[in-house]
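Let's take a walk through this structure together. Have the sequence and the 3D view ready as you read.

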Amino acid sequence: FRVYDDRLADWFTLRCNEIPTQEGQSITADVTWTGERSPKVFNEEPFTVRKVSEDGRVWLWSSKNKIGIIIKHIQ
């Protein structure tokens, strides 16, 4: 998953070891996002799928580094 702002100045990428599809699912992911001076990078970050909505939004939470991400499956 890749998310950018309109100016392409702020962004994040999320590369999951599997597609998050159901609540309670545990996955790992590489996460990179815009930092003040350089990108922040977390490799093999453990996430839990907290919620999946009918419109394809998925709430991910990593307790390890307190990272929350909401993504949307576009089909």
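The paragraphs below go from the sheet to one of its edges and then to the core.

This is a predicted model, in which local features need pLDDT of at least 70 and side-chain atom pairs count only at pLDDT 80 or more, while totals for chains, interfaces and linings use all residues. Residues are numbered from 1 along each chain as its sequence is written, and side-chain values use heavy atoms, with hydrogens and water left out.

Start with the sheet: six strands (DSSP runs of E, at least two residues, numbered from the N terminus) form an open sheet in the order S1-S2-S3-S4-S5-S6, with antiparallel pairing. Two strands pair if DSSP finds at least two bridges between them. Strand S1 (2–4) and S6 stand at the edges with a single partner strand each, so one side of each has no neighbour in the sheet.

Now look at S6, which is joined to S5 by six bridges. Here Gly-68 is the bridge partner of Trp-61. In the hairpin of these two strands, four residues lie between them, and Lys-66 takes a positive phi near 55°. Along S6, Ile-67, Ile-69 and Ile-71 point to one face and are buried (under 20% relative accessible area, 1.4 Å probe, protein chains only). Gly-68, Ile-70 and Lys-72 point to the other face and are not buried.

Those three buried isoleucines belong to the largest nonpolar core, which has twelve residues, including Phe-12, Leu-14 and Phe-47. Strands S2 (11–16), S3 (26–33), S4 (40–52), S5 (57–62) and S6 (67–72) each give two or more residues to this core.

Definitions and conventions
Core = buried A, V, L, I, M, F, W, Y, C linked by side-chain atoms within 4.5 Å. Buried < 20%, exposed > 50% of the residue type's maximum accessible area, 1.4 Å probe, protein only.
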